[in-house]
Amino acid sequence: MIAWIYPESFLLTLPALVLWWYLHRPAIEPSPLRSRILSRIKHPRSFLHLLILAVAIAAAASPVRQVSQQGTDLILVVDRSASMDKEDSQRVEELVGLAEAARGPKDRLGIITFGRVA
């Protein structure tokens, strides 16, 4: 499945199509601006311009492929022995708190302790 990081980029489609139509419509009386723009384009009626424009807008939306909808299992092994000082214990508690806060709805967190009575 494809997801888009910046789906609002597709809002550029409407002004881009209007510009493409303006440059490729049959002119009754060509405007100076249109004549200047068309003089710089070798093949103004090319479908390739529209295709490049579509690819550029899709690239701006940043497509990403979602591989799986399953959660992640994370197992933390924590040393609680007497060799661990208070500062190390505080770091371990902080790490466990960060892992719990970052856990998604389908993620599982397991903690294995050793060294003291568990």
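**Figure 1. Trp 4 is partly exposed, at 37% relative accessibility.** The model shown here is predicted. Buried would require under 20% relative accessible area, and exposed over 50%. Trp 4 therefore falls in between, at 37%. Its ring partner is Phe 10. The two rings sit edge-to-face, with 90° between the planes. Centre to centre, they are 5.0 Å apart. Phe 10 is partly exposed as well, because its relative accessibility is 34%. How many aromatic pairs does the count give? The count comes to one. That pair is Trp 4 with Phe 10.

**Figure 2. Ser 9 sits in the loop between β1 and α1.** Strand β1 covers residues 2-4, and helix α1 covers 13-24. Is Ser 9 buried or exposed? Ser 9 is buried, because its relative accessibility is 12% and the cut-off for buried is under 20%. Which residues does Ser 9 contact, once neighbours within four places in sequence are left aside? They are Ile 57, Ala 60 and Ala 61.

**Figure 3. Ala 99 lies in helix α4.** This helix spans residues 86-101. Ala 99 has a relative accessible area of 16%, so this residue counts as buried. Leaving out residues up to four places away in sequence, Ala 99 touches three leucines: Leu 74, Leu 76 and Leu 109. Take Leu 74 as one of these contacts. In sequence, Leu 74 and Ala 99 are 25 residues apart. In space, their C-alpha atoms are 8.5 Å apart.

**Figure 4. The protein chain behind the close-ups has four helices and four strands.** In what pattern do these elements follow one another along the sequence? The order is β-α-α-α-β-β-α-β. The chain has 118 residues, and 13% of them count as buried. Ser 9 is a buried residue, at 12% relative accessibility. Ala 99 is another, at 16%. Now consider the contacts with a separation of 6 or more. Residues 24 or more positions apart account for 70% of these. The protein chain exposes about 9700 Å². Carbon and sulfur atoms supply 64% of that area.

Notes:
Residues numbered from 1 in each chain as written. Predicted model: local features only at pLDDT ≥ 70, side-chain atom pairs only at ≥ 80, totals over all residues. Heavy atoms only, no water. Helix = DSSP H or I, 4+ residues; strand = E, 2+ residues; numbered from the N terminus. Buried < 20%, exposed > 50% of the residue type's maximum accessible area, 1.4 Å probe, protein only. Contact = heavy atoms within 4.5 Å. Areas by Shrake-Rupley, 256 points an atom, 1.4 Å probe, with all protein chains shown as cover. Phe/Tyr/Trp six-rings, centres within 6.5 Å; stacked < 30°, edge-to-face > 60°.
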